[in-house]
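User: Hi! I'm new to reading protein structures, and I'd like to go through one with you. Can I ask some questions as we look?

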Amino acid sequence: MQELLETLLDYAQENAMKIVWGIIIAGIGWYFGRRRAQASWKKQQFLNRLNISLNMLDAGTLKIRTLSEKTCEDVFLNQHAAEVLKRYALKTTQNNPVIPIPANEVWFFLNSVLNEISEQFAQGQIRKDLGISVQEAEYLICLTREASGEINTQKIRAMMIRKSLLLNLPIEEPQYESPVHHIRWKTLQQMSQHYQHHPGDFLSVSIPS
């Protein structure tokens, strides 16, 4: 034990400046990380989080159900990719909430979203493979950031909706489970128009159940 203590003491003496600078750098990183966290909380802007939601109409009522919510890094498995998506998300507007992701990158982000939620639909896939009767529907997924000032909490949101519904949204405004959901209805209308001109910004997936 004495020899170990002497070795550690010798190491500390020989590398004192490295240790001090390491502590300083760690302290600076902690300070600025805390400042960013405080700023995000104050603005209620959490663009490091990805919310995946299913959007549907049920008896004339718009219903929004969260399928998953995680940090972007947990979904895309790469801190750089998460930071890049955040920068793209800041380019959305109230008139176009679809995140402008370059064509050569959009598949990576959307496929990562699909991988995140695919486990929830695995049973239907197995039933289909076994030849058991299933119901199947085509869904569209796209990445958005609703930039409306009425949204209190800003997040990156992956919208999932039946393709047949998105392309044939009713003219009549639906009922809402929450008054703020009128913003989501506007988002879906904008997504429907966006799909007509930029279908590559969406991932189409057939889901059995």
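Analyst: Sure, here are some questions and answers on this structure. This is a predicted model, where local features need pLDDT of at least 70, side-chain atom pairs count only at pLDDT 80 or more, and totals for chains, interfaces and linings use all residues. Residues are numbered from 1 along each chain as its sequence is written, and side-chain values use heavy atoms, with hydrogens and water left out.

User: What pattern of helices and strands does the chain follow along the sequence?

Analyst: Helices (H or I, at least four residues) and strands (E, at least two) are DSSP runs, numbered from the N terminus. This chain has eight helices and six strands. Reading along the sequence, you get α-α-β-β-α-α-α-α-β-β-α-β-α-β.

User: Is alanine 59 buried or exposed?

Analyst: Let's place it before we answer. Alanine 59 sits in the loop between β1 (45–58) and β2 (61–71), and it has a positive phi of about 55° although it is not a glycine. Buried means under 20% relative accessible area, exposed over 50%, and partly exposed in between (1.4 Å probe, protein chains only). With a relative accessible area of 79%, alanine 59 is exposed.

User: And leucine 77, is that buried or exposed?

Analyst: You'll find leucine 77 in the loop between α3 (72–76) and α4 (79–89). Leucine 77 is not a glycine, yet it has a positive phi of about 60°. Its relative accessible area is 71%, so leucine 77 is exposed.

User: How far apart in space are glutamine 193 and leucine 167, C-alpha to C-alpha?

Analyst: Glutamine 193 belongs to helix α8 (residues 182–197) and is exposed, with a relative accessible area of 56%. In sequence, glutamine 193 and leucine 167 are 26 residues apart. In space, C-alpha to C-alpha, the gap between them is 8.4 Å.

User: Which charged residue helps line the largest cavity?

Analyst: On a 1 Å grid over the protein atoms alone, a cavity is a set of points where a 1.4 Å probe fits but cannot get out, and lining residues have an atom within 4 Å of a point. The lining divides into six nonpolar residues, no polar and one charged. Asp, Glu, Lys and Arg count as charged, while Ala, Val, Leu, Ile, Met, Phe, Trp, Tyr, Cys and Pro count as nonpolar, and the others, Gly among them, as polar. Val98, Ile99, Ile101, Val106, Cys142 and Leu143 are in the lining, and the charged residue is Asp201.

Terms used: 1 Å grid on protein atoms, 1.4 Å probe; cavity = no way out; pocket = protein on both sides within 12 Å on 5 of 7 lines; lining within 4 Å.
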